[in-house]
Amino acid sequence: MNGTIRESDDAKYNSVKIPRHNPIKYITVKEAVEIIQKETGVIYFGANWCPWCRNAIEVLIDVAKQKKEKKIYYLDMDKVRNTWEVVNGNLNKVTNEEEGYYDLLKALDSILGDQTYTLTDEFGNIHDTGEKRIYMPLIIGVKNGKILKNHTGTITLKEEQTKYDKLTKEQKQDLKKIYSELIDATRKD
């Protein structure tokens, strides 16, 4: 996706360099639920097309290397969650969730809040799906089956920035601090 143009709005994706040797370990929905319920680790929920995720991943890998974190679990949300659309005023499910997705929503319930996922049609009408949504990137720190810290998104953008722009050096430093604290939380006794 590096440098490609998004058809829906002609935005250009920024380029991301992920080193060959990195701590990312791909997991399934079921494995994510098990880690959240019983284990210790850092889980990154993202997708390669997500502009915020593209800014987050390099920072997260850098912090993990600095902290000598051997594994960052990664759940690719691209095919995991439902997708919806509104057609002729009706809410329709376009793709179905992966098996275990609702277990994942339940496991993340304490950090997802009460808001459900809504879509707005061309007339400004809001359609509620009735289910919570995992917004990306979401990074969580879990210890012994308890979510200790989490962070959604990246960092507040400057007025002239778009979600497709690279983060500034200062923004990366701020995000590094957040991720560092998150990783540290999983290590404290």
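**Reading a sheet and its helices**

Guide: Let us begin with one pair of residues: Gly41 has Val142 of E8 as its bridge partner. The model before us is predicted.

Visitor: In which sense do E2 and E8 pair, and over how many bridges?

Guide: As a general idea, the strands of a sheet pair through backbone hydrogen bonds, and the pairing is either parallel or antiparallel. Here E2 and E8 are paired in the antiparallel sense, over 5 bridges. Tyr44 is found opposite Ile139 in E8.

Visitor: In which sense does E2 pair with strand E3?

Guide: E2 and E3 (residues 72–76) pair in the parallel sense, with 4 bridges. In E3, Tyr73 is the bridge partner of Ile43. Between these strands one may also follow the chain: E2, helix H2 (residues 51–66) and E3 form a right-handed β-α-β unit.

Visitor: How many bridges join strand E8 to strand E9?

Guide: Strands E8 (residues 138–143) and E9 (residues 146–152) run antiparallel and are joined by 6 bridges. Leu138 has Thr152 of E9 as its bridge partner, and Ile140 stands opposite Asn150 in E9. The hairpin of E8 and E9 has 2 residues between the strands, and in this hairpin Asn144 adopts a positive phi near 50 degrees.

Visitor: What is the order of the strands in the open sheet?

Guide: The open sheet has 5 strands in the order E1-E3-E2-E8-E9, and its pairing is mixed. Strand E1 (24–26) and E9 stand at the edges with a single partner strand each, so one side of each has no neighbour in the sheet. From one strand to the next, the twist averages 25 degrees.

Visitor: Are the residues on the faces of E2 buried or exposed?

Guide: The general idea is that side chains in a regular strand alternate between the two faces of the sheet. In E2, Gly41, Ile43 and Phe45 lie on one side and Val42, Tyr44 and Gly46 on the other, and all are buried. Since 6 of the 6 residues of E2 (residues 41–46) are buried, this strand is largely enclosed by the rest of the structure. E8 can be read in the same manner: Leu138, Ile140 and Val142 on one side, and Ile139, Gly141 and Lys143 on the other, are all buried. With 6 of the 6 residues of E8 buried, E8 is therefore largely enclosed by the rest of the structure.

Visitor: Which strands does helix H1 lie across?

Guide: H1 (residues 29–38) lies across E1, E2, E3, E8 and E9, and runs at about 140 degrees to E2. Helix H5 also packs on the sheet, where H5 touches E2, E3, E8 and E9; the direction of H5 makes about 170 degrees with that of E9.

Visitor: At what angle do H2 and H5 pack, and how far apart are their axes?

Guide: Two packed helices are described by the angle between their axes and by the distance between the axes. H2 and H5 (residues 169–185) pack at an angle of about 55 degrees, and their axes are 9 Å apart. H2 is therefore oblique to H5. The crossing of H2 past H5 is right-handed. Residues of H2 that make the contact include Ala56, Val59, Leu60 and Val63, and those of H5 include Leu175, Tyr179 and Ile183.

Notes: Residues numbered from 1 in each chain as written. Predicted model: local features only at pLDDT ≥ 70, side-chain atom pairs only at ≥ 80, totals over all residues. Heavy atoms only, no water. Pairing = 2+ DSSP bridges. Buried < 20%, exposed > 50% of the residue type's maximum accessible area, 1.4 Å probe, protein only. Right-handed = clockwise from strand over helix to strand, strands pointing away. Axes fitted to C-alpha atoms, helices over the stretch in contact; angles between N-to-C directions. Parallel < 35°, antiparallel > 145°, perpendicular 65-115°, else oblique. Left-handed = near helix turned anticlockwise from the far one by under 90°. Contact = heavy atoms within 4.5 Å.
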